[in-house]
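Visitor: I should like to learn how pockets and helices are read from a model. Where should one begin?

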Amino acid sequence: MIVLIWVFALAISVGPLFGWKDANFEERVYVDHACLVSQDVGYQVFATMASFYVPLAAILSLYWRIFQAARRRIRHKVGSNGNAKRSRYQRAAQPAPPQSETAPIACSRGSEYELSSCATPTNNGSAAPSGAGGVSSVDVIPRETEHRKKKTKKETLEAKRERKAAKTLAIVTGAFIVCWLPFFVTALMLPLCGEWCSFSDVMMSVFLWLGWFNSTLNPIIYTIFSPDFRQAFKKILCGRAAVNSRRVR
């Protein structure tokens, strides 16, 4: 894919050198010294489509698919959390078992951390072995609750990360469109309209520099929305020692 991009860029650049140019190209460039590429309609349609409009359509299509996938993942995680909560509520709302199954448990502790014997009407004094032989329900419930909390917290962080990544991608794509769209619209209109369209040199320069300014915006956007980029820039600009000292603080 990278090789294909460079081939397209080379074809766009060398096209006028091999004769794909308008009738006034020689006079405009060598006599008037105007820095304006070939205004041949076919060339401009090919150049603008290959360098902007087709890549833009691909970017928007891919971004839409990424956005849909992220939304499905977030909804699935929220739904799974909701089902888990409902199942817990249903278990809590179930009627209490008969008294014979819920009689008070009389326990004597053999040590500080394990149950030695527990007598209920159903186990006749034989307690479930603790330690290596088995795990009591007293210990299982807190562990399950702690595991659910950790899992829910992890899923929440993942969903937040996915939303942030989708937001960053949308901002980068929007900045690319805003910066480059004016230049490529005017570049396509000039050969199509001919003398009917008149754009000043200042406006063309502003549109061109606005497109180049997009390369300046991308590092700023990534630095604002990505902690990894911020850490990398801090290491480059301030040195590793400064970053480590801030972490210690």
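Guide: Begin with the term itself: a pocket is an open set of grid points with protein on both sides within 12 Å along at least five of seven lines. Please note that this model is predicted.

Visitor: How much space lies in the largest pocket?

Guide: Rolling a probe the size of a water molecule over the atoms shows where empty space is left. Here the largest pocket holds about 1200 Å³. Its lining comprises 33 residues, with Cys35, Leu36, Val37, Gln39 and Gln44 nearest the centre. Two or more lining residues come from each of H1, helix H2 (25-31), helix H3 (41-93), helix H4 (137-193) and helix H5 (201-225). H4 provides the largest share, six residues.

Visitor: How do the residues of that lining divide by character?

Guide: In the largest pocket, 21 are nonpolar, nine polar and three charged. The second largest pocket, with a volume of about 550 Å³, is lined by 15 residues, and Ile5, Phe8, Ala50, Ser51 and Pro55 are the closest to its centre. That second lining divides into 14 nonpolar, one polar and no charged residues.

Visitor: Which element gives the most to the lining of the second largest pocket?

Guide: H3 does, with seven residues; H1 and H3 each supply at least two.

Visitor: How should H1 be read, as largely in the open or largely buried?

Guide: An α-helix has 3.6 residues a turn, so residues three or four places apart point the same way. H1 covers residues 2-14 and reaches 19 Å from its first C-alpha to its last, close to the 18 Å expected. Of its 13 residues, one is buried, so H1 lies largely in the open.

Key: Residues are numbered from 1 along each chain as its sequence is written. This is a predicted model: local features need pLDDT of at least 70, side-chain atom pairs count only at pLDDT 80 or more; totals for chains, interfaces and linings use all residues. Side-chain values use heavy atoms; hydrogens and water are left out. Helices (H or I, at least four residues) and strands (E, at least two) are DSSP runs, numbered from the N terminus. The expected span of a helix is 1.5 Å times one less than its number of residues. Buried means under 20% relative accessible area, exposed over 50%, partly exposed in between (1.4 Å probe, protein chains only). On a 1 Å grid over the protein atoms alone, a cavity is a set of points where a 1.4 Å probe fits but cannot get out, and a pocket is an open set with protein on both sides within 12 Å along at least five of seven lines; lining residues have an atom within 4 Å of a point. Grid points are joined across faces, edges and corners, and a volume is the space filled by probe spheres set on the points. Ala, Val, Leu, Ile, Met, Phe, Trp, Tyr, Cys and Pro count as nonpolar, Asp, Glu, Lys and Arg as charged, and the others, Gly among them, as polar.
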